[in-house]
Amino acid sequence: MKDKVNILGVWVDMVNIPRAVDKIMQFFNDDGLHKVYTPNSEIIMAAYKDDNFRDILNDAELLTADGIGVVYASKILGKPITERAAGYDILCEILERIKGTSRSVFLFGGKPGVAETAEEKLKERYPGIVIAGTRNGYFKPEEEEDIVSQINSSGAELLLVCLGAPKQELWINKYKDKLNVKVAMGVGGSLDVFAGTALRAPDFYCKHGLEWFYRLMKQPSRAGRMLALPKFGFTVLFKGRKYKQED
């Protein structure tokens with residue numbers, strides 16, 4: 001796997017945003033479902049502790065580095081990823097490319113009303129974009145088969161699953177053999193950002209790998225979660241090199 005870096009058992013693709021977008025656009029022309037996940041350091045730490053979750057991530061057709069910690073880890077391990085490829089940024093480029101075409105999108109996730117608001121905002125931002133359907137992220141287990149049927153009957157080629165990690169990855173994996181879409185992406189809180197119910201960090205923070213710091217300033221209650229960042233760094237430093245970089 002010369003084009004991947006093994007970070008604590010998770011094989012992350014060494015792609016920047018344009019390359020990731022190119023790969024996803026090619027997926028639309030291929031047969032079958034293609035899974036796209038965008039792990040940050042917190043998600044990789046969760047996979048490090050959970051073999052099943054790790055295997056689910058590694059089963060994806062594309063894994064991108066959504067977090068500056070993952071980029072730094074790749075450099076420590078001697079296979080540097082050139083830049084952070086966040087799911088939101090990749091998604092924006094995908095939507096830009098498919099607007100005005102017949103390729104359609106299904107929005108799945110968020111609180112009731114968020115997906116519908118996101119649909120309205122996306123149609124304003126990307127004129128000609130086709131939204132095949134929406135579904136909020138609040139459901140009971142017995143409703144999941146109906147959700148799959150709703151997605152399939154919509155004819156969408158791109159499914160955005162915004163349930164938060166690891167729930168979104170687990171859900172996609174659970175129904176990977178039943179979904180008829182070409183691409184299923186786990187993109188966390190992207191619908192909230194599109195809908196305007198959540199704000200993304202300003203460009204300065206994103207470009208300098210300080211999005212985590214911006215979130216911490218806005219939500220001091222996240223301090224406990226932020227402890228996962230140094231823990232991830234120390235784990236990569238002391239245990240990361242035991243993982244083979246070629247498979």
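This report walks through some packing features of a predicted model.

## Ground rules

The model is predicted, so local features need pLDDT of at least 70 and side-chain atom pairs count only at pLDDT 80 or more, while totals for chains, interfaces and linings use all residues. Residues are numbered from 1 along each chain as its sequence is written, and side-chain values use heavy atoms, with hydrogens and water left out.

## Two nonpolar cores

Let's start inside. A nonpolar core here is a set of buried Ala, Val, Leu, Ile, Met, Phe, Trp, Tyr and Cys residues joined through side-chain atoms within 4.5 Å. Buried means under 20% relative accessible area, exposed over 50%, and partly exposed in between (1.4 Å probe, protein chains only). The largest core has 40 residues, and Ile7, Val12, Phe108, Ile151, Leu159 and Trp171 have the most contacts inside it. Helix α2 (residues 41–49) gives the most to this core, with 4 residues. Helices (H or I, at least four residues) and strands (E, at least two) are DSSP runs, numbered from the N terminus. Another core, of 36 residues, lies apart from the largest one, and Val21, Ala118, Ile129 and Leu158 are among its members.

Ile151 is a good place to look around. Setting aside neighbours within four places in sequence, Ile151 is in contact (heavy atoms within 4.5 Å) with Phe106, Phe108, Ala156, Leu159, Trp171, Leu179 and Val181.

## Helix α8 and Gly186

Gln168, Glu169, Trp171 and Ile172 are the buried residues of helix α8 (residues 167–174). Viewed down the axis of α8, they fall within an arc of 160 degrees, so they line one face of the helix; the arc is that of the directions from the helix axis to the C-beta atoms. Those buried residues pack against β3 (34–37), α3 (51–58), β5 (104–109), α7 (144–154), β7 (158–162) and β8 (183–186).

Strand β8 is home to Gly186, which is buried, with a relative accessible area of 1%. Not counting residues up to four places away in sequence, Gly186 touches Val36, Tyr37, Thr38, Val161, Gln168 and Ile172. From C-alpha to C-alpha, Gly186 and Val36 are 6.5 Å apart in space, with their positions 150 residues apart in sequence.

## Aromatic pairs

Rings of Phe, Tyr and Trp (its six-membered ring) pair if their centres lie within 6.5 Å; planes under 30 degrees apart count as stacked, over 60 as edge-to-face and the rest as tilted. The count comes to 5 aromatic pairs. One of them is tilted: Phe108 and Phe139, 5.7 Å centre to centre with 40 degrees between the planes. Phe108 lies in strand β5 and Phe139 in the loop between β6 (130–135) and α7, so this pair ties together parts that are 31 residues apart in sequence. Both rings belong to buried residues, Phe108 and Phe139. Phe108, Phe139, Trp171 and Tyr175 are linked into a cluster by ring pairs. The charged end of Lys167 sits over the ring of Phe139, 4.8 Å from its centre; the rule is NZ of Lys or CZ of Arg within 6 Å of the ring centre and within 35 degrees of the ring normal.

Phe234 and Phe238 form a stacked pair, 6.4 Å centre to centre with 15 degrees between the planes. These two are both exposed. Being 4 residues apart in helix α13, Phe234 and Phe238 are separated by about one helical turn.

## Gln245

Gln245 lies in the segment after α13 (228–239) and is buried, with a relative accessible area of 17%. Its side chain reaches the backbone nitrogen of Asn6 at 2.8 Å. Leaving out residues up to four places away in sequence, Gln245 touches Met1, Lys4, Val5, Asn6, Trp11, Leu77 and Lys79.

Conventions
Polar contact = N/O pair within 3.5 Å; in protein donor to acceptor, adjacent residues only side chain to side chain.
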